[in-house]
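Colleague: I've got this model open and I'd like to learn how to read it. Could you walk me through it feature by feature?

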Amino acid sequence: MLPPPPSPASGLKYRRIILKISGEALCGKEGGFGIHPETLLRVAAEIAELQRMGVQIGIVVGGGNIFRGLKGASAGMDRSQSDYMGMLATVINSLALQDALEKQAVPTRVMTAIEIRQIAEPYIRRRAIRHLEKGYVVIFGAGTGNPFFSTDTAAALRAMEIQAQALFKATKVEGIYDRDPQRHEDAQMFNRLTYDRFLVDKIGVMDSTAVTLCRENKLPIRVFKLTTRGNILRVCLGDDIGTVVGEES
């Protein structure tokens, strides 16, 4: 029998979140392939710490470390076909993350937008919310279930559906910059950014469909570096790290 969910710790700014993790983050290096076990376990340990503090966590994982739909399309594949392949890649990452979380004694459910009943539950909004209320970490696989939509858009959509208080975008850099910090030493990081500025400047951290959806529903986006130990918890506590995308800069 599952124990009762942890009571929310004091000081938490966000009690229910969607965490978006790129598939690339799980392979341990930029442009790499596959899943790096040590990186996977480290990410799972941070999520486990957050879950034990009573935060209700939904996760959307990308699949770029295995297959990227746009890359397949650019190589001549049918775009819909390559996007479906990318969705299946996210399911592989979701199962790997579930296994790592369960090794941390965290109850976890994988729900997929494409039915694969032998390995995961089909996504049902009310059931997902019930899982969260019972203390499960819920991993949403297969994107939106539709081609031509990114996993960023899937993360924004699931955030609205489960009534999350924020969308956490964990990236390879500290936040959102005015230019690529890996190419420009003088790049300046934004502490605050409006949805409109994000869209007008065509900032590539998230796609415009996801940001527009968040703007229409006034959902704050927190962008921060995943590889810095403890960052996920610090953002949940409301610490001023990374970049906040919202209505006011």
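Modeller: Sure, let's begin at the start of helix H8, where a side-chain oxygen of Asp207 comes to within 3.0 Å of the backbone nitrogen of Thr209. Keep in mind that this is a predicted model.

Colleague: Okay. Which residues of H8 are buried?

Modeller: H8 runs over residues 208-216, and its buried residues are Ala210, Val211 and Cys214.

Colleague: Why do they end up on the same side of H8?

Modeller: The general idea first: an α-helix has 3.6 residues a turn, so residues three or four places apart point the same way. Now the case here. The buried residues of H8 are Ala210, Val211 and Cys214. They span an arc of only 95 degrees around the axis, which puts them on the same side of H8.

Colleague: And what covers the buried residues of H8?

Modeller: The cover includes helix H6 (151-161), S6, helix H7 (195-200) and strand S10 (221-225). If you look just after H8, you'll find Lys218 with a positive phi of about 55 degrees.

Colleague: Let's move to the sheet. How do I read one of those?

Modeller: Strands of a sheet pair through backbone hydrogen bonds, either parallel or antiparallel. In this model, 9 strands make an open sheet with mixed pairing, in the order S4-S3-S5-S2-S1-S6-S10-S11-S9. Strands S4 (121-122) and S9 (192-194) are at the edges with a single partner strand each, so one side of each has no neighbour in the sheet.

Colleague: How many bridges join S3 to S5?

Modeller: There are 5 bridges between S3 (residues 108-112) and S5 (residues 137-141), and the two strands run parallel. To find the register, look for Thr108 opposite Val137 and Val110 opposite Ile139. S3 also pairs with S4, again in the parallel sense, over 2 bridges. There, Met111 stands opposite Glu121.

Colleague: Is S3 mostly covered or mostly open?

Modeller: Mostly covered, with 4 of its 5 residues buried. For contrast, go to Ala105, in the loop between helix H4 (79-102) and S3. Ala105 is exposed, with a relative accessible area of 65%. Its C-alpha atom is 25 Å from that of Lys13, and the two residues are 92 apart along the chain.

Colleague: Now the aromatics. What should I look at in a ring pair?

Modeller: A pair of aromatic rings is described by the distance of the centres and the angle of the planes. The count here is 3 aromatic pairs. Take Tyr14 and Phe168: the ring centres are 5.5 Å apart and the planes are at 85 degrees, so the pair is edge-to-face. This pair links distant parts of the chain, 154 residues apart, with Tyr14 in the segment before strand S1 (16-21) and Phe168 in strand S6 (residues 166-171). Both residues, Tyr14 and Phe168, are buried.

Colleague: How far apart are the ring centres of Tyr123 and Phe140?

Modeller: They are 5.6 Å apart with planes at 80 degrees, so Tyr123 and Phe140 are edge-to-face. Tyr123 is in the loop between S4 and helix H5 (125-133) and Phe140 is in strand S5, so the pair ties together parts that are 17 residues apart in sequence. Tyr123 and Phe140 are both buried.

Colleague: What lies over the face of Tyr123?

Modeller: Arg158 does, at 3.8 Å from the ring centre.

Colleague: And which residues do ring pairs link into a cluster?

Modeller: Tyr14, Phe168 and Phe224.

Note on methods
Residues are numbered from 1 along each chain as its sequence is written. This is a predicted model: local features need pLDDT of at least 70, side-chain atom pairs count only at pLDDT 80 or more; totals for chains, interfaces and linings use all residues. Side-chain values use heavy atoms; hydrogens and water are left out. Two strands pair if DSSP finds at least two bridges between them. Buried means under 20% relative accessible area, exposed over 50%, partly exposed in between (1.4 Å probe, protein chains only). Rings of Phe, Tyr and Trp (its six-membered ring) pair if their centres lie within 6.5 Å; planes under 30 degrees apart count as stacked, over 60 as edge-to-face and the rest as tilted. A charge sits over a ring if NZ of Lys or CZ of Arg is within 6 Å of the ring centre and within 35 degrees of the ring normal. The arc is that of the directions from the helix axis to the C-beta atoms. Contact means heavy atoms within 4.5 Å. A polar contact is a pair of N or O atoms within 3.5 Å; within protein, one must be able to donate a hydrogen and the other to accept it, and residues adjacent in sequence count only if both atoms are side-chain atoms.
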